[in-house]
Amino acid sequence: MDSLSDVFGAGIGILCLLAMFFLAFMFLYMAVMNIVDKFKPTSKLMSCESCGKTISTSAYVCPHCGQHYGTSSAFDSILVCLFCGLLFLFLGLHVVSLMLEEYGYNLLDIIKGWFI
Ligand SMILES: [Zn+2]
């Protein structure tokens with residue numbers, strides 16, 4: 001028999017699970033977009049904040065006035081996004097495996113079953 005608090009708890013659990021997979025997807029998506037941005041040859045131009053001359057968006061330093069732009073941090077943000085994405089994905093899968101264990105299933109056995 002399901003008590004009201006069990007139903008409520010399961011609802012919160014499923015919401016948390018969906019949020020985790022959503023965050024995992026968002027972080028991995030951002031990581032992929034950062035990688036695409038970083039490695040595709042870019043011809044985008046912008047105005048320098050300091051001197052107003054036209055420079056490449058991939059420029060780390062303005063060639064006209066020496067204004068610095070933090071494009072070197074893109075690699076860090078890729079790593080952070082990948083790390084967070086995989087972390088949330090792992091947490092989500094861990095919760096799924098805990099839920100399956102409640103019903104007597106083992107996630108690893110199920111996954112093995114798909115490949116064997
Ligand atoms: Zn400049």
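## Confidence, fold and packing in a predicted chain

In this predicted model, confidence is highest in strand β2 (residues 54-56), at a mean of 87, and lowest in helix α3 (residues 107-115), at 81. Over the chain as a whole the pLDDT averages 81, and 85% of the residues score at least 70.

**Layout.** What does the chain consist of, in terms of helices and strands? There are three helices and two strands. Reading from the N terminus, the order is α-β-β-α-α, so to speak a helix, then the two strands, then two helices. Of the 116 residues, 8% count as buried. Among contacts with a separation of 6 or more, residues 24 or more positions apart account for 44%.

**What the record says.** The UniProt entry is unreviewed, and it lists residues 12-36 and 78-100 under "transmembrane region". The same kind of annotation, "domain: C2H2-type", again from an unreviewed entry, covers residues 48-68. Here is how those spans look in the model:

| Span | Helix | Strand | End-to-end C-alpha distance |
|---|---|---|---|
| Residues 12-36 | 100% | 0% | 36 Å |
| Residues 78-100 | 100% | 0% | 32 Å |
| Residues 48-68 | 0% | 14% | 10 Å |

Put in words, residues 12-36 are 100% helix, and residues 78-100 are 100% helix too. The span annotated as C2H2-type, residues 48-68, has 0% helix and 14% strand, with its end C-alpha atoms 10 Å apart.

**The core.** Which residues make up the largest nonpolar core? It has six: Met-20, Ala-24, Phe-27, Ala-31, Cys-81 and Phe-88. Helices α1 and α2 (74-102) each supply at least two of them, and the largest share, four residues, comes from α1. Take Ala-31, one of the core members: leaving aside neighbours within four places in sequence, Ala-31 is in contact with Ile-78, Cys-81, Leu-82 and Gly-85. Cys-81 is itself in the core list.

**Two residues on α1.** Leu-17 sits in helix α1. Is Leu-17 buried or partly exposed? It has 16 other C-beta atoms within 10 Å, so Leu-17 comes out as partly exposed; being buried would take 20 or more. Not counting residues up to four places away in sequence, Leu-17 touches Gly-92, Val-95 and Val-96. Its C-alpha atom is separated by 9.4 Å from that of Phe-88, 71 residues away along the chain, and Phe-88 is one of the core residues.

Cys-16 is also found in helix α1, which covers residues 4-39. With 13 other C-beta atoms within 10 Å, Cys-16 is partly exposed, because exposed residues have 12 or fewer. Val-95 is 79 residues from Cys-16 in sequence, yet the C-alpha to C-alpha distance is 9.4 Å. Val-95 turned up above as well, among the residues that Leu-17 touches.

**A look at the strands.** Met-46 is in strand β1 (residues 45-47). How many C-beta neighbours does Met-46 have inside 10 Å? The count is 12, so Met-46 counts as exposed. Even so, Met-46 has contacts beyond its sequence neighbours: not counting residues up to four places away, Met-46 touches Ile-55 and Thr-57. Ser-56, 10 residues along the chain from Met-46, has its C-alpha atom 6.2 Å from that of Met-46.

Terms used. Residues numbered from 1 in each chain as written. Predicted model: local features only at pLDDT ≥ 70, side-chain atom pairs only at ≥ 80, totals over all residues. UniProt positions renumbered as here; feature names shortened; annotations may be inferred. pLDDT = per-residue confidence, 0-100. Contact = placed C-beta atoms within 7 Å. Core = buried A, V, L, I, M, F, W, Y, C linked by C-beta atoms within 7 Å.
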